[in-house]
Amino acid sequence: MGTAWFWNERFWLPHNVTWADLADPAPGVEYPKAGHLFTAFPLALAIFCVRILFERFIASPCARSLRIQPTVGRRAQPNAVLEKVFASITKNPDSRRLDGLSKQLDWEVRKVQRWFRQRRNQDKPSMHTKFCESMWRFTFYLCIFTYGFRFLWQVMTPGLYHYYVTELAFYWSLMFSQFTDIKRKDFLIMFVHHLATVSLISFSYVNNMTRVGSLVMCVHDASDFLLEAGKLANYAKYQRLCDLIFVVFSVAFFITRLVIYPVWVLNSTMFESWDIVGPYPSWWLFNSLLLVLQLLHIIWFYLIARIAVKAMLRGKVCHSTDALVVLQSRAETS
């Protein structure tokens with residue numbers, strides 16, 4: 001009874017449709033139920049464990065075979081004074097503080113600067129760690145895209161249910177693993193992003209918008225695995241392969257998110273559905289979120305194109321791949 005307000009039929013369902021109608025469908029017809037999504041929690045834990053095993057026993061040997069070793073650059077020499085400043089005050093001291101530390105330690109300013117630079121590099125993840133993380137994401141995105149593509153024209157089936165729950169579990173696992181993954185400056189933004197993604201996947205499932213939801217997820221996965229492939233080539237120092245994948249990724253991003261998404265997805269959810277069932281409160285909310293997503297696609301592609309132009313002028317596209325990581329990850333919302 002306490003959650004009755006949340007499951008108000010007038011918010012979730014079209015006019016003249018009740019939860020009772022969905023509870024007893026016709027023979028051979030299956031409707032999504034909110035309780036189905038609880039399966040995602042144990043599956044998310046399982047995916048997290050599989051990832052640990054994959055990175056250790058598959059990705060790590062692959063990295064070593066490509067001569068990508070789990071080493072970081074030269075370590076800073078132990079110094080209690082500088083370590084205290086680094087840990088509690090600043091990791092990048094200004095000229096005034098550098099002068100003060102130089103006098104206190106009787107070091108040259110340049111030597112103090114070098115210590116802080118080496119200390120900062122110490123905390124950066126190795127290329128080996130980055131490679132393993134990207135290889136896991138590449139493998140998952142490619143597999144889930146291949147699997148999900150089969151269900152784009154189907155109503156609710158066990159296969160479509162598994163696709164939805166696996167995607168949802170993966171993003172739950174990302175929320176868990178974010179605390180142990182490579183720490184990036186956009187940690188909080190990415191946490192909010194994963195939370196929003198989980199909400200959108202859950203919302204579309206509960207509201208029986210699975211055909212649209214599966215298409216949106218598939219559209220995003222189509223370019224996600226290409227980005228991870230480009231990062232792998234970058235870490236392995238395969239310059240030409242990285243350049244090629246970057247071009248394919250940019251084209252795929254444009255076609256899937258600036259052509260297929262607005263022409264087919266938004267057209268269907270906003271105009272065709274209006275004629276079929278008409279608008280209702282959750283319809284407005286869902287379409288508003290999809291429009292926000294389209295706006296993000298435009299912004300991200302503009303930034304991707306700008307990075308691509310600068311990279312081509314420098315003659316090295318691969319140097320832009322790491323910059324794309326943040327852009328693409330924020331555009332993954334499904």
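User: Is Arg137 buried or exposed?

Analyst: Keep in mind that this is a predicted model. A residue counts as buried when its relative accessible area is under 20%. For Arg137 the relative accessibility is 11%, so Arg137 counts as buried.

User: Which residue does the side chain of Arg137 meet in a salt bridge?

Analyst: Look along helix H7, where the partner sits four residues from Arg137, about one turn of the helix. The N to O distance in this pair is 3.7 Å, and a salt bridge needs the two atoms within 4 Å. The partner is Glu133.

User: And what is the relative accessibility of Glu133?

Analyst: Buried means under 20% here. Glu133 falls in that class, so it counts as buried. Its relative accessibility is 5%.

User: How many residues apart in sequence are the parts that Arg51 and Glu133 tie together?

Analyst: Arg51 and Glu133 form a salt bridge, with their closest N and O atoms 3.9 Å apart. Arg51 lies in helix H3 (residues 40–65), whereas Glu133 lies in helix H7 (residues 127–149), so the pair ties together parts that are far along the chain from one another: 82 residues apart in sequence.

User: Is Arg51 buried or exposed?

Analyst: Again, the cut-off for buried is under 20%. Arg51 has a relative accessibility of 6%, so Arg51 counts as buried.

User: What about helix H10: which residue there pairs with Lys231?

Analyst: Helix H10 covers residues 210–235, and the two partners lie three residues apart in it, about one turn of the helix. Their side chains meet in a salt bridge at 3.1 Å, N to O. Lys231 is buried at 2% relative accessibility, and the partner is buried too, with a relative accessible area of 3%. That partner is Glu228.

User: Which residues do salt bridges with shared partners join into one network?

Analyst: Glu133 is a good place to start, as it pairs with Arg51 and also with Arg137. Follow the shared partners and the network takes in Arg51, Glu55, Glu133 and Arg137.

User: How many salt bridges does the count come to?

Analyst: Among them are Arg51 with Glu133, and Lys231 with Glu228. By the 4 Å rule, the count comes to six.

User: What percentage of residues 241–264 is helix?

Analyst: An unreviewed UniProt entry places a "transmembrane region" at several spans, including residues 34–54 and 241–264. Residues 34–54 are 71% helix and 0% strand. For residues 241–264, the end C-alpha atoms lie 32 Å apart, strand is 0%, and helix is 100%.

Key: Residues numbered from 1 in each chain as written. Predicted model: local features only at pLDDT ≥ 70, side-chain atom pairs only at ≥ 80, totals over all residues. Heavy atoms only, no water. Helix = DSSP H or I, 4+ residues; strand = E, 2+ residues; numbered from the N terminus. Buried < 20%, exposed > 50% of the residue type's maximum accessible area, 1.4 Å probe, protein only. UniProt positions renumbered as here; feature names shortened; annotations may be inferred.
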